[in-house]
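Got the viewer open? Keep a selection box handy and follow along, one stop at a time.

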There are 2 protein chains.
Amino acid sequence: MKLIDIFGALKKDMDFIERQLYKSIEGGDELLSETSLHLLKAGGKRLRPVFVLLGGKFGQYDLEKLQHVAVPLELIHSASLVHDDVIDDAGTRRGKPTVKAKWDNRIAMYTGDYIYARALMIATELKNPEIHRTLAKAMVQMSIGEMEQIRDFFNTEQSVRHYLLRIRRKTALLIAISCQLGALAAEAPKEVHSLLYQYGYNVGMAFQIRDDLLDLCGTEKTIGKPPGSDMRQGNITLPVIYALQEEKLREPLLAEIRGIQAGNGSGSVSKAIDMIVSSNGITRAEQLADCFIDKAMEALAGLPEIKPRTHLKEIALFINRRTY
Amino acid sequence: MKLIDIFGALKKDMDFIERQLYKSIEGGDELLSETSLHLLKAGGKRLRPVFVLLGGKFGQYDLEKLQHVAVPLELIHSASLVHDDVIDDAGTRRGKPTVKAKWDNRIAMYTGDYIYARALMIATELKNPEIHRTLAKAMVQMSIGEMEQIRDFFNTEQSVRHYLLRIRRKTALLIAISCQLGALAAEAPKEVHSLLYQYGYNVGMAFQIRDDLLDLCGTEKTIGKPPGSDMRQGNITLPVIYALQEEKLREPLLAEIRGIQAGNGSGSVSKAIDMIVSSNGITRAEQLADCFIDKAMEALAGLPEIKPRTHLKEIALFINRRTY
């Protein structure tokens, strides 16, 4: 089930955004358009554009303007995925071969660079320096988050706080500004921007925690890529940190993780995953995701009671029970 | 000899820009600051900031403002070098190990992403959407140019026009907008921006042709990296295209290039280089560089006769006889 199917109200506008997304990467080098389109056409939830449009509903909704925020945000997200796949050595994404698998690492790197640059170019069609600044700042934070993730591979000593800081940069921030910039581009009142940012930030945190849970508990069919990939590359996620806190599990799980690290991704991760799934780590991670969703709802409570507020509420609930 | 030594008049301001450059990449992840600083501290000519400051002299020169253009332009250039080195498999740059050689490809990729994002963030401290837009557009063109370069590796059928289009995107455009944005940030008259852009574009073309010549005729000591690296990676530059046009040389040179391609960069390139150096390709490339310098001078002739105009003239002449 796609988010855009849930909200028939947005369907026409989201179709427009979809077309603009494809258009946005045309007109450069042929190969670049092909590699960029490859990723975009593989689908995706278009969560960030949905948030932009819903944010825009709290001000003077103008799709012509909002597209210049919605398209860049989805592009920035896409570019980060292409670069992610280079790092993760990922073969599939959204059920299709990744750019790096279909072409190569160098082409994936420049495809990412191109999509980032196009994103900014489209945003500058709105002559609003605050929007440009917010996007650039988010990109700085995202690249810091990506670097932290590399550094933290196989770091079994990291705290929950450390994990949360990382996913804040890596994921939550971009979702937060998607909500915020929608309102900003629609010239909604300042307190609305700030509440939407709070909502987006908390939803984004829950989203990443759920994503990390799915990598442990999902199947290739439901998540579009082989599960356990975090484990294989040493990405220590929240359920793992919690499981490592359990006295009986700690030593055997550490031994498994060391084995995975030594095998350079070639060994099986199923034993480690079984241990984590049998721990309280899953439930505790789900509870933390619930907490973030609760905070998102609190932020919503401060917003005007219009239909889009209900939509935002439904998305938050959807994210928290998603199985893909 | 460094450019900043030639122009004592700019020394103090360039020292300030140098400090701001270092500052610009602080405050993120420690490793990111280290990798970013590594490249910046290896030096470089700081040509783009010099052009920004000189461009600014044609308007209301304000270093406080100009830094927000000069620093981003040098950062964009630096980021492109880091990503270049990933692609080129380069071991040294400016006589020091590259980021990818000292750390690894993944770290080099995110270092580039971080520096790009920082560049844009600093530019948005000036609330001038036209500046943001010009930078974003240039980044789009640069990434197209980089992709074209990968696609054109070992393409011995490319025309001079094709080569010129590629270096326009890869190099000339960023130098052109350096001159232009200096004037724009200093609110110089419109016709000044345009003449400075013309000057920068032509100087940039000559610069890249000279750079390509140096890779064939320079020594590791003078150019800070092993010569012949273009040849090794199949980057067909102007002198090569010209040499391939010579009837007697064409077949043996093609055979050499095929051999280099088959050897995957492991074989010797000295025979191919000897052939090119013995052809008229070197002189013809030098002549084309001279043409671009002449056009740069024509653009300068339309500018007000102030001291910075003489400086721009001297830089153009310097670039055209540079041996490093």
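The helices on this tour are DSSP runs of H or I with at least four residues, numbered from the N terminus. Keep in mind that what you're looking at is a predicted model.

**Stop 1: a loop in chain B.** Select Glu187(B), which sits in the loop between α9 (160–185) and α10 (190–217) of chain B. Check its backbone: phi is near 55°, a positive value in a residue other than glycine.

**Stop 2: the loop in chain A.** Now pick Glu187(A), in the loop between α9 and α10 of chain A. Here too phi is positive, at about 50°, although the residue is not a glycine. Is Glu187(A) buried or exposed? Its relative accessibility is 51%, and the cut-off for exposed is over 50%, so Glu187(A) counts as exposed.

**Stop 3: a helix to put a ruler on.** Select residues 281–301 of chain A, which make up helix α16. How far apart should the ends of its 21 residues be? At 1.5 Å a residue, the expected span is 30 Å, and the end C-alpha atoms are indeed 30 Å apart, so the two agree.

Next, colour the buried residues of α16(A): Gly281(A), Ile282(A), Ala285(A), Leu288(A), Ala289(A), Phe292(A), Ile293(A), Ala296(A), Met297(A), Ala299(A) and Leu300(A). While you look at how they are spaced, remember that an α-helix has 3.6 residues a turn, so residues three or four places apart point the same way. What covers these buried residues? Show α9 (160–185), α10 (190–217), α13 (238–244), α15 (270–278) and α17 (307–321) of chain A, which are among the elements covering them.

**Stop 4: a glycine in a loop.** Stay in chain A and select Gly43(A), in the loop between α3 (30–41) and α4 (47–56). Gly43(A) has a relative accessible area of 13%, so it counts as buried. Draw a distance from its C-alpha atom to that of Lys96(A): you should get 9.7 Å, for residues 53 places apart along the chain.

**Stop 5: the interface.** Show both chains and select what touches across them: 40 residues of chain B are in contact with 40 residues of chain A. About 3,800 Å² is buried between the two, and carbon and sulfur atoms give 74% of that area. On the chain B side, highlight Tyr110(B), Arg133(B) and Met147(B), which supply 18% of the area that chain B buries against chain A, more than any other three residues.

For the polar side of the story, the interface has four salt bridges. Zoom in on the one between the side chains of Arg151(B) and Asp29(A), at 3.0 Å from N to O. There are also 13 residue pairs in polar contact across the interface.

Which helices of chain B each supply at least two residues to the side that touches chain A? Select α3 (30–41), α5 (63–88), α7 (105–123) and α8 (129–152). The most comes from α8(B), with 14 residues. Colour that side of chain B by class and you get 20 nonpolar, seven polar and 13 charged residues.

**Stop 6: a buried arginine.** Finish on Arg118(B), in helix α7 of chain B. Its relative accessible area is 10%, so this arginine counts as buried. Around it, show the residues it touches beyond its sequence neighbours: Val140(A) from the other chain, plus Ser24(B), Ile25(B), Glu26(B), Gly27(B), Gly28(B) and Leu75(B). Arg118(B) and Ile25(B) are 93 residues apart along the chain, while their C-alpha atoms are separated by 6.8 Å.

Terms used
Residues are numbered from 1 along each chain as its sequence is written. Chains are lettered from A and ligands numbered from 1 in the order in which they are written. This is a predicted model: local features need pLDDT of at least 70, side-chain atom pairs count only at pLDDT 80 or more; totals for chains, interfaces and linings use all residues. Side-chain values use heavy atoms; hydrogens and water are left out. The expected span of a helix is 1.5 Å times one less than its number of residues. Buried means under 20% relative accessible area, exposed over 50%, partly exposed in between (1.4 Å probe, protein chains only). Contact means heavy atoms within 4.5 Å. Buried area is the accessible area (1.4 Å probe) that two parts lose on being put together, summed over both. A polar contact is a pair of N or O atoms within 3.5 Å; within protein, one must be able to donate a hydrogen and the other to accept it, and residues adjacent in sequence count only if both atoms are side-chain atoms. Ala, Val, Leu, Ile, Met, Phe, Trp, Tyr, Cys and Pro count as nonpolar, Asp, Glu, Lys and Arg as charged, and the others, Gly among them, as polar.
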